[in-house]
Amino acid sequence: MADIIRLLPDHVANQIAAGEVVQRPSSVVKELMENAIDAGATDIQLIIKDGGKTLIQVVDNGKGMSGTDARLSFERHATSKIQKAEDLFNLNTKGFRGEALASIAAIAHVEMLTRTEDDEIGTKIKIEGSKIVTQEVVVAPKGTSMLVKNLFFNIPARRNFLKSDQVEYRHIADEFHRISLAHPQVAFNFYNNGSDVFQLPVNDFRKRIVHIFGRKTDEKLVPVEEETQVVKISGYIQKPEFAKKSRGEQFFFANNRFIKSPYLHHAILGAFEGLIRPGTHPGYFLNLEVDPGTIDINIHPTKTEVKFDDEHTLYAMLKSTVKHSLGQFNVVPALDFEQDQNLDTPYSYKNKQVDVPQVVVDSSFNPFETVKPSKGNSGGGSYSKPKVDGWENLYEGLETTVDNGVSHLEFESEVVNSSIFDDEKEVVEHSTTTFQMRKKYIITTIKSGMVVINQSRAHQRVLYENFLKNITIKEAISQQLLFPLTLAFSSSEIHILKEIKENLCTVGFVFGDITEEGVEISGVPVLVVESEVQMIMEQLISDFQQEVPGDSFSQSDMLAKTLAKTLSVKTGETLDEFSQVKLVNDLFACKETTLSPFNKKVYITVTENDIERKFI
Ligand code: ADP
Ligand code: MG
């Protein structure tokens, strides 16, 4: 048989390698920005268009390249960063594989402009799909500009696989956050579709965090500092009361490189245990400095997963350091006297100054004043829990007509739609008796037996259909807040908020100014309690962050789902009899009754036959 093994041509090999290195526009951003940092740049500009699909440009003032180096840099395994295998164990640079530029040039139109300090004249190289189109000698500023256009122009399947511009933008913004946080000593600018998103001057770490995540972040930060032989830990954690529904603000950096480490993340969660509400996530920005020889960043091509030599020690140290910071800055509500402090906190405090605790007196406190019930708790549509008296008030808020034209509501009591049991020609009896079981199920009878309804899912279904209807007919039911709320969000959250604002208005949110300083909210949907607005907005943003709906229908759908999920009664809540009956009736007035908006079974039926069989 003839020999059949052949070496792949370079451009094919490069395309294959590109698949590993370049998953999406943000991968290009990461590689180019890291190269700029490795080149010693102190000023880096990132310019993108259309989520990076049409253009990504990174301009740096780093050391630049000679004409020969410029040409060589596009070869595979061409790197200036390691010379021998041992160098791999002592890395101080971001790159070392020498694959990035070769990969990017294999799947895009690339233009590089570069000049070193010593050269008077620079080099311009144009390269498309691994083929050099031109190489010229040109006038250029010191440093390097890399322009990457039409990503995946020669691999349509990959190009089609890219998500919407917004999603790709978000990935890029994430990458920008990571790199700019890891290098506060470098100035960064970020332009998206011609408008400037970030202008970050050289700063310390804390100011960099605040610049990126907004001014309100400052008060949330608690410093973390510890130095041992194994590791130097520094950075900030966020006070537990600011724990968020979304996971956005969690950053580990190892030797100035953003890393993902579920294991170390767990250490942080351990330190926060008992201090944050379930379902919320603590924020942290932590730098770990270790001997480069004790860390392996080689295990993943995109280099966010790393392996530390002594992970267990690191885990323990991280946990106790964070715990200690929480304690030291008085953010832990109470001391646990049973616990031996020395076990947890191997620190010496002898020389530290003691802060005298301050007593704050509320001079306006009057014990005889009756507390005004908080607005919005008057019922809305939440199935009343025992603490709220008067289910009759349930729709009280609905009678208000909001002047701003958003809404005008007339409430009709819903007729029970008996057709849901059409198959069996049965009807939920009007004089329904209901019974709540284990604060989770509502049990009611039908002619042939009984129905066991999952209260939370049923309510989700009811709310979901209601919200969806409101969005569709654009008839929001809004309650105006007495005092508009101003909530703080990070700039990427604000970006998402702006995207979904229109839909939020259709469900009853009324917005004032939306700026980096804060988001003003002057009206909320009737079902929303004022104190929960921040939580709900965070949930919405977090849902949209994780999964971005493409078209506007799915955006409405997602909004309705999130609101339904957040506002529904939960397992564990006691419902009074009236609420139980109302819930049953509302459920069976829905278009779809059997499944929750998340496709979970809402109820089961148990027929008399089923029961009888049990007695045999
Ligand atoms: P790596 O970063 O892994 O070495 P790359 O393909 O990203 O591989 O880059 C190849 C080489 O090109 C680098 O080692 C560096 O010498 C040079 N290079 C790339 N980008 C720049 C830049 N912005 N400034 C100066 N040199 C650069
Ligand atoms: Mg590189």
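## Two helices crossing

The crossing of α6 and α12 is right-handed. Keep in mind as you look around that this is a predicted model. Helix α6 covers residues 165-182 and helix α12 covers residues 491-507; their axes come within 11 Å and cross at roughly 170°. That angle makes α6 roughly antiparallel to α12.

## Salt bridges, starting from α6

How many salt bridges are there? The count comes to 17. A good one to begin with joins the side chains of Glu168 and Arg24, at 3.0 Å from N to O. Glu168 sits in helix α6, while Arg24 belongs to the loop between α1 and α2 (25-38), so this pair ties together parts that are 144 residues apart in sequence.

Is Glu168 buried or exposed? Glu168 counts as buried, because its relative accessibility is 0% and the cut-off for buried is under 20%. Its partner Arg24 comes out at 21% relative accessibility, so Arg24 counts as partly exposed.

## More charged pairs

Now for a pair in helix α15, which runs over residues 577-588: Asp586 and Lys582 are four residues apart there, so about one helical turn separates them. They form a salt bridge, with the closest N and O atoms 2.9 Å apart. Both Asp586 and Lys582 are buried.

Lys207 and Asp204 also meet through their side chains in a salt bridge, this time at 3.8 Å from N to O. Lys207 has a relative accessible area of 46%, so it is partly exposed. Asp204 is partly exposed too, with a relative accessible area of 39%. Then there's a network of salt bridges, which links Lys244, Glu249 and Glu493.

## A strand residue and its distant partner

Head over to strand β8 (residues 195-200), and you'll find Val197 in it. Val197 has 27% relative accessibility, so it counts as partly exposed. Which residue is 150 residues away from Val197 along the chain, with a C-alpha separation of 9.8 Å? That residue is Ile47.

## A nonpolar patch on the surface

Finally, look at the start of the chain. Met1, Ile4 and Ile5 make a nonpolar surface patch of about 480 Å². One of these residues, Ile5, lies in the segment before α1 (10-21). Ile5 has 81% relative accessibility, and the cut-off for exposed is over 50%, so Ile5 counts as exposed.

Notes
Residues numbered from 1 in each chain as written. Chains lettered and ligands numbered in written order. Predicted model: local features only at pLDDT ≥ 70, side-chain atom pairs only at ≥ 80, totals over all residues. Heavy atoms only, no water. Patch = residues over 30% accessible without salt bridge, like charges linked within 9 Å, V, L, I, M, F, W, Y side chains within 5 Å. Areas by Shrake-Rupley, 256 points an atom, 1.4 Å probe, with all protein chains shown as cover. Salt bridge = Lys/Arg side-chain N within 4 Å of Asp/Glu carboxyl O. Buried < 20%, exposed > 50% of the residue type's maximum accessible area, 1.4 Å probe, protein only. Axes fitted to C-alpha atoms, helices over the stretch in contact; angles between N-to-C directions. Parallel < 35°, antiparallel > 145°, perpendicular 65-115°, else oblique. Left-handed = near helix turned anticlockwise from the far one by under 90°.
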